[in-house]
Amino acid sequence: YSDLEHRDIWEYELALSAEQRRRVLTHLWELGHTYFDYFFLDENCSFHLLSLLDYARPELELSSRFPLWAIPADTVRAVNEAPGLVRSAVFRPASATVIRRRMSLLGEDEQTLAYRLALGAESPDANSCKVLEEDNRARVFELAIAYLDYLRLSGKGPQEARPDVSRKLMIARSEIAAALEPVEVMPPAVRPEQGHRTARAALGVGRRGGAWLSEAKLRLAYHDLLDAQDGYAEGSQLNFFSAVMRQREQDKLKLESFHPLEIVSLSPRDLFIHPWSWNFSSGVERRRIDGEAGKLAGVLRGGAGAAFRPVSRLLVFSLLDAALEYSPDYEQSEWAGGLGPWAGIIVDFTERLRLMPQVRVMRFGVGREYDSLRLGADARLTLSRNNALVFSSARTGEFGSYANEWLLGWQLYF
């Protein structure tokens, strides 16, 4: 995880007695080659670890707390809430995180030099290296060496050049007398189990097309782009079973959307690390085929692109999405296939206030032809760890019908 998938790791030391540790080890030995079916939502890795801890201390009954689903953040929270079970927590940064920390100690030109050195495009004895002060030259060589290690472990980059280039860089670094302090990555102020809880309910009120509306939302798990970042991976969204109900003036309460699964990964790219950003969602959404009443349509959507962090507290992203929809109420064809861009900016003004302006356009040119648009902004103000106010304002359009809407809501995480 740490070396290959850019994942920072939290390690929790458990306060188990010698007898309890013996019980864990003998139980693992007893299991031998036993096979467990893996289920992403419930019987996953974290759930089986809880079962193992229950064997060490049966009175904990940790696994019984997750009869329907086991989200890793919730299982870690359960372990930390067990009296006297966790002794300490240690943060272990991923190799990509360490590289970015090393980059922050150098200027832009020095970062570029380190990158060229790692790729073999520059020699350690070149004038561009010699003109640097000893400390900075050592930092440049160490960054290049760390990047080569990252490429080797992740299987990326030109294979044939690495051993020779790495050897030259390590020899050049050994000839510099400067003794640098070890590069330290400060752990996040909030650990995973200290972030907001993963289930969420929300109530809101607003207007659309000149009519008042009320809205209720429920999400069983886990985290989205607008939620408070503390304790969660940057630029990540993973929602399970999220539903939105709306009631307009003089109308019945109706399902607006339901998504069993929504995934967004916005991983910022830089000179050294080049991850792709992507998204996928499935579910049903209300389409304004016949005006504001609308009809439900099945939707599959996904895409890929890139994200960048030009300055601290600012994430810019742009993706190209494809979508496939089905509705028996569509004219011409019950199917519609489309393509279009999704772009936005995520701005953290403070730790409590996040703003996300975005635009999403889709041209459905296959099957039922139509255009869709959402241009707007969403904001979140954190009141406490498990309470937040949200506001959204947007211009939306489908099937040639456009409307302005805004919504003010309150969210409770539980």
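**Close-up 1. Gly-155 follows helix α7 in this predicted model.** Gly-155 sits just after α7 and takes a positive phi of about 70°. Helix α7 covers residues 134-154, 21 residues in total. Its end C-alpha atoms are 30 Å apart, which agrees with the 30 Å expected at 1.5 Å a residue. The expected span is 1.5 Å times one less than the number of residues. Helices (H or I, at least four residues) and strands (E, at least two) are DSSP runs, numbered from the N terminus.

**Close-up 2. A nonpolar patch lies on the surface.** Leu-203, Leu-218, Phe-349, Leu-353, Leu-381, Leu-383, Leu-389, Trp-410, Leu-412 and Phe-414 form the patch. Together they have about 880 Å² of accessible area (Shrake-Rupley method, 1.4 Å probe; for residues, only the protein chains shown count as cover). Strands β13 (370-384) and β15 (401-413) each supply at least two of its residues. Patch residues have over 30% relative accessible area and no salt bridge; like charges are joined within 9 Å, nonpolar side chains (Val, Leu, Ile, Met, Phe, Trp, Tyr) within 5 Å. A salt bridge is a side-chain nitrogen of Lys or Arg within 4 Å of a carboxyl oxygen of Asp or Glu.

**Close-up 3. Leu-383 and Gly-397 in their strands.** Leu-383 belongs to β13. It counts as partly exposed because its relative accessibility is 43%. Gly-397 is in β14 (residues 387-398). Gly-397 is buried, at 4% relative accessible area. Buried means under 20%, exposed over 50%, partly exposed in between (1.4 Å probe, protein chains only). The C-alpha atoms of Gly-397 and Arg-374 are separated by 6.7 Å, with the two positions 23 residues apart along the chain counted as their spacing.

**Close-up 4. The second largest pocket holds about 300 Å³ of space.** Of its 15 lining residues, Arg-65, Phe-66, Trp-69, Asp-74 and Thr-198 are the closest to its centre. Helix α3 (72-81) and strand β4 (211-223) each supply at least two lining residues. The largest share, four residues, comes from α3. On a 1 Å grid over the protein atoms alone, a pocket is an open set of points with protein on both sides within 12 Å along at least five of seven lines; a cavity is a set where a 1.4 Å probe fits but cannot get out; lining residues have an atom within 4 Å of a point.

**Close-up 5. The second largest cavity holds about 70 Å³ of space.** Its lining includes Arg-246, Arg-248, Asp-251, Lys-252 and Glu-256. Strands β5 (236-248) and β6 (253-265) give two or more lining residues each. Points are joined across faces, edges and corners, and volume is the space filled by probe spheres set on them.

Residues are numbered from 1 along each chain as its sequence is written, and side-chain values use heavy atoms, without hydrogens or water. In this predicted model, local features need pLDDT of at least 70 and side-chain atom pairs pLDDT 80 or more, while totals for chains, interfaces and linings use all residues.
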